[in-house]
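Trainee: I should be grateful for a close look at one part of this protein. Please begin from a single residue and then place that residue in its wider setting.

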Amino acid sequence: MAKGYAQGQQRRMVQMPVNPLAIKTKKYALDKNKFITLNMSQMVKNQWYWGFVPLGLIAVNAVLNITGIYHNYWIYVLTLIGAIGYVAFWAIQFTGVTQLDQYKQLFEKYRYEVDSRQILMKITDEQGGVIKWDMIKTARKEKEAYVLDLGQYQFIYLPFNIFSSDNDKKLMDKILRDKGFIS
C-alpha cells in the first residue's frame, strides 16, 4: 500500500494557486524569425557605440588619403567586411539557438496566466513554469506586443492577439505600470 501511495505522489504536481482575476491568454509559440529579429535589435541597442570604430577608421583613413600622407584604399574594404562580419556573427549565433534541441522549449506553445504576483507559463495544466516579477529586468509595450526582458537576449514576447479581450490588455498595462515597467 505504501508503494502505491508513493507512486501516486510522484505523478501529482503541486501547483501554485491560480488567481481568478489573472489574465489568461491563448496558446502561443514564439516564431523563430521573431526571436532572431528581437535579439538582433537588442544587440544593436546594447552595442551601437561599436559602430564608431569602423566609422573612425574610415574617417582617419580619409584624412590620411586627402592630405597625401598615406594612400590606402583597402582599409575601406576591410572595415566594411569587419562590420558585416560582426553583425553576421551575432545573426549566426541567434539562428543557431533556434536549431539546438536544448533550446527547443523556447519555441513551444505556452498559455500564459499573468497576475500581480507571477507569470505562469503552461504547456498543459500539469506542465509549465513560474516566473516571478522580480526576475523581469525591463518591460516595454511595442506596437504589437509586450516584451518582458529577463536578461541579456532572454525575453517573454506576448503579442496582443493572444489576449482574450481589451480588458485583459488594460489589466496587463495596469500590472506593468504598478510594477514600474511602463509609464
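Trainee: Which residues does Asp168 touch, not counting residues up to four places away in sequence?

Mentor: Please keep in mind throughout that this is a predicted model. Leaving aside residues up to four places away in sequence, Asp168 touches Ile23, Lys24 and Phe163. Asp168 itself is found in helix H5, which covers residues 166-178.

Consider next the charge of this residue. Asp168 is buried, yet has no salt bridge. The nearest side chain of opposite charge belongs to Lys26, 8.9 Å away. A salt bridge requires a side-chain nitrogen of Lys or Arg within 4 Å of a carboxyl oxygen of Asp or Glu, so the 8.9 Å to Lys26 does not qualify.

Helix H5 also offers a contrast to this buried residue. Lys174 and Asp178 both lie in helix H5, 4 residues apart, which is about one turn of the helix. These two residues form a salt bridge, with their closest N and O atoms 2.8 Å apart. Lys174 counts as partly exposed because its relative accessibility is 43%, and Asp178, with a relative accessible area of 57%, is exposed.

Other salt bridges share partners, and these join Arg111, Glu113, Lys122 and Asp125 into one network. Within the network, Arg111 forms a salt bridge with Asp125, and the closest N and O atoms are 2.8 Å apart. This pair links distant parts of the chain, 14 residues apart: Arg111 is in strand S2 (residues 111-114), whereas Asp125 is in the loop between strand S3 (118-122) and strand S4. Asp125 has a relative accessibility of 47% and therefore counts as partly exposed.

A further salt bridge joins the side chains of Glu142 and Arg140, at 3.1 Å from N to O. Glu142 is partly exposed at 26% relative accessibility, and Arg140 is partly exposed with a relative accessible area of 22%. The structure holds 10 salt bridges.

Arg140 leads us to the empty spaces in the model, for this residue is one of those that line the largest cavity. The other lining residues of that cavity are Leu38, Asn39, Gln42, Val147, Asp149 and Phe155. Helix H2 and strand S6 (145-151) are the elements that give two or more residues to this lining, and H2 gives the most, with 3 residues. By class, the lining divides into 3 nonpolar, 2 polar and 2 charged residues. The volume of the largest cavity is about 30 Å³, and a search of the whole structure finds 1 cavity of 30 Å³ or more.

The pockets, in contrast to the cavity, are open. The largest pocket has a volume of about 630 Å³. Among the 25 residues of its lining, Phe35, Leu106, Leu150, Gln154 and Phe155 are the closest to its centre. Phe155 thus takes part in the lining of the largest pocket as well as in that of the largest cavity. At least two lining residues of the largest pocket come from each of helix H2 (32-47), helix H4 (74-99), strand S4 (128-132) and strand S7 (154-159). By class, this lining has 17 nonpolar, 7 polar and 1 charged residues.

The second largest pocket holds about 300 Å³ of space. Trp50, Gly51, Pro54, Ala83 and Tyr86 are the closest to its centre among the 15 residues that line this pocket. Helices H2, H3 (52-67) and H4 each give two or more residues to the lining, and the largest share, 6 residues, comes from H4. The lining of the second largest pocket divides into 11 nonpolar, 4 polar and no charged residues.

Finally, let us place these parts in the whole. The protein has 5 helices and 7 strands. From the N terminus on, its elements run α-β-α-α-α-β-β-β-β-β-β-α. Of the 183 residues, 32% count as buried, and Asp168 is one of the buried residues. Among contacts with a separation of 6 or more, 55% are between residues 24 or more positions apart.

Technical notes:
Residues numbered from 1 in each chain as written. Predicted model: local features only at pLDDT ≥ 70, side-chain atom pairs only at ≥ 80, totals over all residues. Heavy atoms only, no water. 1 Å grid on protein atoms, 1.4 Å probe; cavity = no way out; pocket = protein on both sides within 12 Å on 5 of 7 lines; lining within 4 Å. Points joined across faces, edges and corners; volume = space filled by probe spheres on them. Nonpolar A, V, L, I, M, F, W, Y, C, P; charged D, E, K, R; others polar. Buried < 20%, exposed > 50% of the residue type's maximum accessible area, 1.4 Å probe, protein only. Lys, Arg positive; Asp, Glu negative; His and termini not counted. Contact = heavy atoms within 4.5 Å.
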